[in-house]
Amino acid sequence: MPVSPPAGATSPAEPARTLLARLLRLWGVSDDLGAPAVAAWPAAPGGGPDIAAVAARHHLTVTVLRDLSVGDLRAVGLPAIVELNERGIARPYLMRRLERDAATLIAPTGEESRVPLERLEAEWTRSAWMLWRNVDLLPVDPAEAMTPTVVATVALRLANLGHLTGPLPTAPGARLEAAVRSFQRAAGLREDGIVGKRTTLALARATTASFGPSLTDRRPSG
């Protein structure tokens, strides 16, 4: 099913930039995303857009996840730029929705398709780029920097979601780990008690759900 591209979006010759523009629109970015503006985005060493730099311009954070499962995608719940290996060629898509038996993918051309999970599992490269609104300025991977401030911020998020009661901890410990495990269990993540990238993204979506898109909403693809 064809979907109209953002006004002035780049041509399919630059698929990564086109899909990133679509993803920014999902996050409510209203700035000019026409061809000249998108073409002027900073480039990464590989030639594609520097997604982190572009996201930062719009007060968003980008995280790349690797070795993912469909269950991880479902638990995190954020739209993502993914790649499918189609006849030996890696092609990028925007994953817009994830249902019980299929995923909705948007090609750089704007073509929207519902892909059975069996095909997704067979062709997906197991990595994904996701944008998120980092309202608390958490490290992308808090497990690597569990300072008292980071612990307090994570604890407050867990408390707001009902997984922790006061007094809130300011240092790693058994109570925080138990709360993290409780959240992971509820979200469908692997229960390891560690606030890694997947858990951080799932927490961000759960605590800012009304301010951003998810893989389960039914809003227009944009």
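A residue counts as exposed when its relative accessible area is over 50%, and as buried when that value is under 20%. Keep that cut-off in mind. A174 comes out at 65% relative accessibility, so A174 is exposed. One caution before we go on: this is a predicted model.

Where does A174 sit? It is in helix α7, which covers residues 174–187. Now look at A174 together with G193. The two are 19 residues apart in sequence. In space, their C-alpha atoms are 9.3 Å apart.

Next, the sheet. It is open and has six strands. The order is β1-β6-β2-β3-β4-β5, and the pairing is antiparallel. Which strands are at the edges? They are β1, residues 61–65, and β5, residues 112–116. Each of these pairs on one side only. Neighbouring strands are turned against each other by 35 degrees on average, direction ignored. As background, strands in a sheet pair through backbone hydrogen bonds, either parallel or antiparallel.

Take one pair from this sheet. Strand β4 runs over residues 102–106 and pairs with β5 in the antiparallel sense. Five bridges join them. Within this pair, A102 stands opposite P116 of β5.

Now the helices on the sheet. Helix α1, residues 15–26, packs on it. This helix touches β2 (80–86), β3 (89–98), β4 and β6 (124–132). The direction of α1 makes about 10 degrees with that of β3. Then there is helix α8, residues 197–207. Helix α8 lies across β1 and β6 and runs at about 135 degrees to β1.

Last topic: the backbone. Most residues other than glycine have a negative phi, and most peptide bonds are trans. Here are some exceptions.

Start with H59. Its phi is positive, about 60 degrees, although H59 is not a glycine. H59 belongs to the loop between α3 (51–57) and β1. Buried or exposed? H59 is exposed, because its relative accessible area is 68% and the cut-off is over 50%.

R126 also has a positive phi, near 75 degrees, and R126 is not glycine either. This residue lies in a strand, β6. R126 has 25% relative accessibility, so it counts as partly exposed.

Finally, a peptide bond. The one from G166 to P167 is cis, with omega near -5 degrees. P167 is in the loop between α6 (148–160) and α7. Helix α7 is also where we began, with A174.

How values were computed. Residues are numbered from 1 along each chain as its sequence is written. This is a predicted model: local features need pLDDT of at least 70, side-chain atom pairs count only at pLDDT 80 or more; totals for chains, interfaces and linings use all residues. Side-chain values use heavy atoms; hydrogens and water are left out. Two strands pair if DSSP finds at least two bridges between them. Helices (H or I, at least four residues) and strands (E, at least two) are DSSP runs, numbered from the N terminus. Axes are lines fitted to C-alpha atoms, for helices over the stretch in contact, and angles run from 0 to 180 degrees between N-to-C directions. Contact means heavy atoms within 4.5 Å. Buried means under 20% relative accessible area, exposed over 50%, partly exposed in between (1.4 Å probe, protein chains only).
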